[in-house]
There are 2 protein chains.
Amino acid sequence: MNTVLTVDPRDGRHRETQLRETGDPELASIVARASGATEWLSDIGRRDRAALLDEIAASLDSHRTELVGTAERETGLGHERLDFELTRAIVQFRMFGDVLRDGGYLEAAIDHAAATPLGAAPDVRRMLVPVGPVAVFGASNFPFAFSVAGGDTASALAAGCPVVLKAHPSHPLTSQASADAIAAAVRRRGGPEGVVAVVHGQAAGLALVRHPAVRAAALTGSVAAARAIQAAIDERPAPIPFYGELSSVNPIAVLPGAAAERAGQIADGLFASFTGSGGQLCTKPGLAFVPADPAGDDLVEALRARVGSAGGAVLLNERIRDAYVDAEARLERAGARVSARPDLASAAGFTVAPALLEIDITRLSAEVTDECFGPLMVVARYDAVADLDAALASLPPSLTGSVHAGTSDDRAVVRRVVDVFGASTGRIVFDGYPTGVRVSWAQHHGGPWPSTNSLHTSVGATSIRRFLRPLAWQDAPEWTLPEELRDGYREIPRRVDGRLEGARPADR
Amino acid sequence: MNTVLTVDPRDGRHRETQLRETGDPELASIVARASGATEWLSDIGRRDRAALLDEIAASLDSHRTELVGTAERETGLGHERLDFELTRAIVQFRMFGDVLRDGGYLEAAIDHAAATPLGAAPDVRRMLVPVGPVAVFGASNFPFAFSVAGGDTASALAAGCPVVLKAHPSHPLTSQASADAIAAAVRRRGGPEGVVAVVHGQAAGLALVRHPAVRAAALTGSVAAARAIQAAIDERPAPIPFYGELSSVNPIAVLPGAAAERAGQIADGLFASFTGSGGQLCTKPGLAFVPADPAGDDLVEALRARVGSAGGAVLLNERIRDAYVDAEARLERAGARVSARPDLASAAGFTVAPALLEIDITRLSAEVTDECFGPLMVVARYDAVADLDAALASLPPSLTGSVHAGTSDDRAVVRRVVDVFGASTGRIVFDGYPTGVRVSWAQHHGGPWPSTNSLHTSVGATSIRRFLRPLAWQDAPEWTLPEELRDGYREIPRRVDGRLEGARPADR
């Protein structure tokens, strides 16, 4: 099989690794081991699975220097950002430990036998159970938090599903090192091989989702990647759920009052948000609406100054760099003009210049509202809020929509913007920026197509639902039931005869 | 457009109706009205939506004589069954009223702004919101409970989604009368046209799911119908979720102890379960495993006696009747032999004879384990429980799996059967029969492919999740939030800063 290469995007140099693309026989063994690990992962129960996630978090932390150093060489994202991202990945594993200990995610419900308007009804009990082995496709832009050690892995393991990761070719060594750190934690908890494994190569990724033992797939990536994976899934006799977190332009609406009250502050925030991590975030604001008034002029002028004096950004790989250059050209053909772009003294490796573009608000075609990965934002100026309303209504759905309002802005205008974003995005951000997605219970990171292809989040506690299916027991003898569905159990919230009952944890 | 025909399956006679197949311009108007109704249905809020569902339940009840009479002529299912089914449909609307008043279905969560290991985090609040207009395909076999007035409609309306029904051609007049009864209730509650509408004709059904304004689809029907609908959905630029409740053989494992203790009782139960409603239930037991011992002989003998003296069953339509005849022939070709089948004096309309078949347990091919709609059950005898284990493990997934155990049966054997059914079905039934699905909070009616294509139920309170998507608000001013997400609100269960808080209903 082909050797896997690693590339340093800071200089563009390719190096051979010890890794090989995963061939079919090896893939079959890996999936067989994952299937074999399903029972162990389920049987250890919620508390031991929580302990496993904590152990994984600790293991990742203990390999911090190696992991961050490797990711630095493979992604060019910089030490500070990667160190923070690894902490985020660790926090995610710990959060799912909390989710497991809480137990509400099981959606446990008991309907005792009863006389009903439809006659004598049997005892029915329901809770969610793991779907089985899951395929996860690592993202280019988050070597930790959306890759091998990412939220998809953490939520799938929490659910009780073994995970086979398809490593992103932009960071194979980081992927392998992450998998090794996780595997070490699994061994320390007495787990079998196969709880987590990594495959390399595009063909292996597609073979993975075609494998009958794989029961769900998750991707953070492009619409094109999602289509390829979906096409492979469609070859299966039995379909499986596929969760894609895909493409998003993340519009920002700055209302006149906000611009008048804090033009400079908003310019600072926007600049940081669209250039951070080289603009390679799924929540990067790609399109900002700014009033065509003096305060809006000040805001755009401040943005121009910041962009014009900015340094270059190292993009993750050659393909992303080329796509960025193409996107800029596409935008110019679509009527946007470059408003600010620094002249870089050097552009080693996959370094590009950040860019601010401007476009007439009446020219917002699909070419302009398509996601552009990289440090680029388009500004559209509006004269009347009616023009803003019309423009917002014409945008494709996004993960997020942000509105900046000042004290002088009409609440009816804010309401209209919120309503549009409520219908066409998954998260409405007020007076802030969409990047920096909080990892928490209430988070939703998802939105209507093309931002995602599902009704689920890929960040936050509720993302665990993607890897669970309901199972019901009718008139079951108590000894056959999972402990969470037995009558006396009170350690998790349950719905009993239609009434939600809180947990009453055992004294300990 | 083509006239819609109605057929009385008791005599096979076709009659013209006043209804026409729905053409494209009319479909466009219907979907436009549904889209227009979305805002009203969402804006009235949970309490008024609950009142609407109660009003619909009352309206259906007030049209009982007409509805049941029409359905009798169109389905041949008999007055008692249809009267019961209408009550079930009414109960479903009332249950979703309770679901709305409870409010837990919103999965409301609030994470207040906080200092976290990842720095200062914003306030994030999340709850589920309606996806938009939904297409529902009525089932042949439940003119009320899985059709226009069915659970998909009730759960979608509860979620806040207008519904466009594709009427099943087996009961167009019942469908229309149901829609009229629902529309009258909507009008009484001040609702607009378009909250519920019906379309007729296969082409209209496919055009419906291709329509960009339709945001989800649900079907209770065959795998072939699901494939046709999925193919139409795949033509859309933006995919939508599609929930199909499809095909299921619903195995029954009778363990030796159960047969020894209650052979006659089990024979009675099985006979009632596989012949009730002409065997046209998605949970009909199609395959029973019976021990090859004297108690098993008694059980099969008792079944034979009941089947041999049974009357004919009127099937729903010509296609189903033909498929039943074909399936019997297919089973015989696959090695099954007819064990009992009454000689019918007459077989008017689409009447068929119920049939009991037997097959060697080593000959369970896909031809045998495919769902066969109609009053037919296959019995496979086993010598050793190891043979039973192997046979159960070879079956395709089902909605349900039932196990009958006696006091003398080994718990290890029961555990193995339960584990197999836990992996391959959605509901494990103990010492009972899968038909007669309880409508309740804990119910799960779904299972791995081919029994369904999703991780959701189509019966019970949690089926509402199919038509909801999460939405998050970040740092939102209180006045922009739905009331359920405001700080002081306590009428529903919510997860606040990770802790589940029960509802504390206002004094009233």
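Take chain B of this predicted model, turn it by 180 degrees with a shift of 0.0 Å along the axis, and it lands on chain A with an RMSD of 0.0 Å. That is how a two-fold axis relates its copies. Looking for the axis in chain B? Head for Gly502(B), whose C-alpha is the nearest to it, at 3.5 Å. Both copies also use the same surface: 100% of the contact residues of chain B turn up again in chain A.

Now for the sheet that takes in strands of both chains. It's an open one with twelve strands and mixed pairing, in the order S15(A)-S17(A)-S18(A)-S13(A)-S12(A)-S19(A)-S20(A)-S21(B)-S6(B)-S3(B)-S22(B)-S23(B). S15(A) and S23(B) stand at the edges with a single partner strand each, so one side of each has no neighbour in the sheet. On average, and ignoring direction, neighbouring strands here are turned by 25 degrees against each other.

At the chain B end, S22(B) pairs with S23(B) in the antiparallel sense, over three bridges. Within that stretch, Arg495(B) has Leu500(B) of S23(B) as its bridge partner.

Over in chain A, helix H13(A), residues 385-394, lies across three strands named in the table, and runs at about 140 degrees to S18(A).

Here are some of the strands with their residue ranges:

| Strand | Chain | Residues |
|---|---|---|
| S12 | A | residues 251-254 |
| S13 | A | residues 287-291 |
| S18 | A | residues 376-382 |

So which strand of chain B stands at an edge of the sheet? That's S23(B), residues 499-501, the antiparallel partner of S22(B), residues 494-496.

Notes
Residues are numbered from 1 along each chain as its sequence is written. Chains are lettered from A and ligands numbered from 1 in the order in which they are written. This is a predicted model: local features need pLDDT of at least 70, side-chain atom pairs count only at pLDDT 80 or more; totals for chains, interfaces and linings use all residues. Two strands pair if DSSP finds at least two bridges between them. Helices (H or I, at least four residues) and strands (E, at least two) are DSSP runs, numbered from the N terminus. Axes are lines fitted to C-alpha atoms, for helices over the stretch in contact, and angles run from 0 to 180 degrees between N-to-C directions. Two residues are in contact if their C-beta atoms, placed from the backbone, lie within 7 Å. Copies are superposed by least squares on the C-alpha atoms of residues with pLDDT of at least 70 in both.
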